[in-house]
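Good morning, colleagues. I should like to take you through a single structure today, moving from charged pairs to helix packing and then to a few individual residues. Please keep the sequence and the model in view as I speak.

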Amino acid sequence: MPHPVPLLINPRAGSLFRTGLKAWLLKNKRHFRLVSTHSAADLTRKARELAESGEPVVAAAGGDGTLMCAAQGLVGSDTALGILPCGTMNVFARELGIGSRRFNVALAAIQGDCRQEVDIFSVNGRPFLQVAGFGPDARVIELITPRLKRHMGAAAHVVTGVMVAMERPPLITMTLPDGETLQGTQIIMGNGKRYGGEAHLFAHAAYDDGRLDAAIIDQVNLGVLFEMLGFIVSKGATPHNVSEFTSLRRIRKCEITAEAELPYHLDGDYAGTLQPGEKLLIDRMPHKLKVCVPASIEELSPLDCVMAFPMFQTLREKLQAFLEA
């Protein structure tokens, strides 16, 4: 029997039950050694300790935020991160071809030999795996309470999105190392193609090229929404401006300032609010992260892509539970 892989897990997380991971683990417990965690800092610390003890793979169960906590403990080591994606969006797992809540695919990747080195970028030293957002999308996340997310899942983004559409976003300035400045009311930076699930926001992004793709949108909130929808529908296919309101850049580092309080998020988790007169430094970290990836990526049909959105997954799970009751 192969060496059981240490699995970092929060035993009290509701996602274990909502996604079916707990039942799946009961059937596959011989493959893992469960390591309970009680906080983000505890998860990072235990991941680091496992890497220092020489574990070739350390797995983590959760969404993008949980994976980032594990990555902080593993980055720069020879230990690879294994992913059991049971969060709401699971954007990073989708980017790697594991998908959302496809635990058998995840297990095959963990037990296989394919490893991918991934760039890690940071905001004022705080790392993120997939995406960082500055402006209205972060404001939406800031307003989502744990209770709202627990009861509504991905639909909570729609409810808070309507609230944010009534607000006036502050003007944001992005300054590049050569002194060029770009301004907008929403800035999104991606280390990969996906944003918010299966939506492709950056067609040319890659998580191992040492650069971030940045979209700078200069619109009021409702305009930001339509601009992003158009961007997603076109899958960001052009490396030039999507419209007169959006500029695209491929960057290695930059600074962010704002005229008023600016909320921002990292990997879909609210990370803080930038105050006027302060600045955020976005830069690539010196070391990469090893990740377990599938040997081959299964292409999803258009219907599969639609059903992969968290809102539809939640509805499908509730219907299945109703039918089984």
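A network of salt bridges joins Asp42, Arg45, Lys46 and Glu49. I should state at once that this is a predicted model. Under the distance rule applied here, the count of salt bridges comes to 15. Side chains of opposite charge can pair when their charged atoms come close.

Let me turn to individual pairs. Lys290 and Asp78 form a salt bridge through their side chains, with an N to O distance of 3.8 Å. This pair connects distant parts of the chain, 212 residues apart. Lys290 belongs to strand β18, residues 289-292, whereas Asp78 sits in the loop between α4 (64-74) and β4 (80-85). How accessible is each partner, Lys290 and Asp78? Lys290 has a relative accessible area of 25% and is therefore partly exposed. Asp78 reaches 66% relative accessibility, so this residue counts as exposed.

A second pair also links distant parts of the chain, namely Arg194 and Glu95, 99 residues apart. Their side chains meet in a salt bridge at 3.6 Å, N to O. Arg194 is placed in the loop between β11 (186-190) and β12 (212-217), and Glu95 in helix α5, residues 91-95. Are these two partners buried or exposed, Arg194 on one side and Glu95 on the other? Both Arg194 and Glu95 are buried.

The third pair lies within one helix. Glu142 and Arg139 are both in helix α7, separated by 3 residues, or about one turn of the helix. The closest N and O atoms of their salt bridge are 3.1 Å apart. Glu142 has 30% relative accessibility and therefore counts as partly exposed. Arg139, with a relative accessible area of 24%, is partly exposed as well.

Arg139 brings us to helix packing, since this residue is also part of the contact between α7 and α9. Helix α7 covers residues 136-143 and helix α9 covers residues 156-164. Their axes are 9 Å apart, and the helices pack at an angle of about 120°. The two helices are therefore oblique to each other. As to handedness, α7 and α9 make a right-handed crossing. On the α7 side, the contact is made by Pro136, Arg139, Val140 and Leu143. On the α9 side, the residues are His157, Thr160, Gly161, Met163 and Val164. Sorted by class, this contact of α7 with α9 comprises 5 nonpolar, 3 polar and 1 charged residues.

We can set beside this the pair formed by α3 and α4. Helix α3 spans residues 40-52, and its axis comes within 7 Å of that of α4. The two axes cross at roughly 40°. With that angle, α3 is oblique to α4. This crossing, too, is right-handed. From α3, the residues Ala40, Leu43, Thr44, Ala47, Arg48 and Ala51 take part. They meet Thr66, Cys69, Ala70, Gln72, Gly73 and Leu74 of α4. The contact of α3 with α4 divides into 7 nonpolar, 4 polar and 1 charged residues.

I come now to the backbone. Most residues other than glycine have a negative phi. Which value does phi take at Asn124? For Asn124, phi is near 50°, a positive value in a residue other than glycine. Asn124 is located in the loop between β6 (121-123) and β7 (126-128). Its relative accessible area is 48%, so Asn124 is partly exposed.

Asp267 likewise has a positive phi, near 55°, and is not a glycine. Asp267 occupies the loop between β15 (262-266) and β16 (269-274). With a relative accessible area of 7%, Asp267 is therefore buried.

Finally, may I draw your attention to Leu201, which lies in the loop between β11 and β12. Its relative accessibility is 0%, and Leu201 therefore counts as buried. Along the chain, Leu201 and Asp213 are 12 residues apart, and their C-alpha atoms are separated by 9.4 Å.

Thank you; I welcome your questions.

Technical notes. Residues are numbered from 1 along each chain as its sequence is written. This is a predicted model: local features need pLDDT of at least 70, side-chain atom pairs count only at pLDDT 80 or more; totals for chains, interfaces and linings use all residues. Side-chain values use heavy atoms; hydrogens and water are left out. Axes are lines fitted to C-alpha atoms, for helices over the stretch in contact, and angles run from 0 to 180 degrees between N-to-C directions. Helices (H or I, at least four residues) and strands (E, at least two) are DSSP runs, numbered from the N terminus. Angles under 35 degrees count as roughly parallel, over 145 as roughly antiparallel, 65 to 115 as roughly perpendicular and the rest as oblique. A crossing is left-handed if the near helix is turned anticlockwise from the far one by less than a right angle, and right-handed if clockwise. Contact means heavy atoms within 4.5 Å. Ala, Val, Leu, Ile, Met, Phe, Trp, Tyr, Cys and Pro count as nonpolar, Asp, Glu, Lys and Arg as charged, and the others, Gly among them, as polar. A salt bridge is a side-chain nitrogen of Lys or Arg within 4 Å of a carboxyl oxygen of Asp or Glu. Buried means under 20% relative accessible area, exposed over 50%, partly exposed in between (1.4 Å probe, protein chains only).
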